Amino acid sequence: MNTLLYIAGFVAVMATLMTITRSNPVHALLYLIVSLLSVALVFFILGAPFIAALEIIIYAGAVMVLFVFVVIMLNTGRAAMEQEKQWLNPALWVGPASLSAVLLGELVYVFGSGDSVIKPVVMSTPAQVGAALLGPYLLGVELASMLLLAGLVAAFHLGRRESAVDGKEGSA
């Protein structure tokens, strides 16, 4: 169990380092998704399957869709179309694919092993999580949602201002 935890943690650290060092936003998003999936696997190994599911649904799902929309809004014009063609090069996908393969191998091992590797410590029901989020952590949840909204609005305005400076309309 400790070995699986250390491997998932190593993948999370490596994917996070690759996220912050990439200049290409799409590559950074791919590594960020791998990082979030590895953190979910860490939660799962530590005995918190519900938190792992929330990590995948909320962060790797919903927040990543928001980030993809921001990237789409910022990429306008002919130069962006040429850059997207370069992203289809299979050599650029080796890093995220290899880290994801390590995570998939770990997950297959965890589910395929005969003895239980995962030992749940405390089981939380969705009602308990909802009561906590809408109870003592309500202010934090609302602040996080406002921060995401502010980031989306700022990205929209930054993308709009950049296309106005270039003299491009933004429409095809």
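Reader: Quick one on contacts: of those between residues at least 6 apart in sequence, what share joins residues at least 24 apart?
Author: That comes to 74% of them in this protein. Keep in mind that the model is predicted.

Reader: OK. What's the secondary structure like, and in what order do the elements run?
Author: There are 7 helices and 0 strands, so from the N terminus on you read α-α-α-α-α-α-α.

Reader: Let's switch to helix packing. How do H2 and H5 cross?
Author: Their axes come within 10 Å, at an angle of roughly 15 degrees. Angles under 35 degrees count as roughly parallel, and H2 and H5 are therefore roughly parallel to each other. The crossing is left-handed.

Reader: Which residues meet there?
Author: From H2 they include Leu30, Val34, Leu37, Leu41 and Ile45, and from H5 they include Leu99, Leu103, Glu106, Leu107 and Val110. The residues of this contact divide into 13 nonpolar, 3 polar and 1 charged.

Reader: Glu106 caught my eye. Is Glu106 buried or exposed?
Author: Buried, because its relative accessibility is 4% and the cut-off for buried is under 20%. Glu106 sits in helix H5, which spans residues 94-112.

Reader: And what is Glu106 in contact with, neighbours within four places in sequence aside?
Author: Leu4, Leu5, Ile7, Ala8, Leu41 and Ile45. Leu41 and Ile45 are on the H2 side of the contact with H5.

Reader: Last topic, the surface. How much is accessible, and what share belongs to carbon and sulfur atoms?
Author: About 11300 Å², with 72% belonging to carbon and sulfur atoms. As for the inside, buried residues make up 27% of the 172 residues.

Methods: Residues are numbered from 1 along each chain as its sequence is written. This is a predicted model: local features need pLDDT of at least 70, side-chain atom pairs count only at pLDDT 80 or more; totals for chains, interfaces and linings use all residues. Side-chain values use heavy atoms; hydrogens and water are left out. Helices (H or I, at least four residues) and strands (E, at least two) are DSSP runs, numbered from the N terminus. Buried means under 20% relative accessible area, exposed over 50%, partly exposed in between (1.4 Å probe, protein chains only). Contact means heavy atoms within 4.5 Å. Axes are lines fitted to C-alpha atoms, for helices over the stretch in contact, and angles run from 0 to 180 degrees between N-to-C directions. Angles under 35 degrees count as roughly parallel, over 145 as roughly antiparallel, 65 to 115 as roughly perpendicular and the rest as oblique. A crossing is left-handed if the near helix is turned anticlockwise from the far one by less than a right angle, and right-handed if clockwise. Ala, Val, Leu, Ile, Met, Phe, Trp, Tyr, Cys and Pro count as nonpolar, Asp, Glu, Lys and Arg as charged, and the others, Gly among them, as polar. Accessible areas come from the Shrake-Rupley method with a 1.4 Å probe; for residues, only the protein chains shown count as cover.
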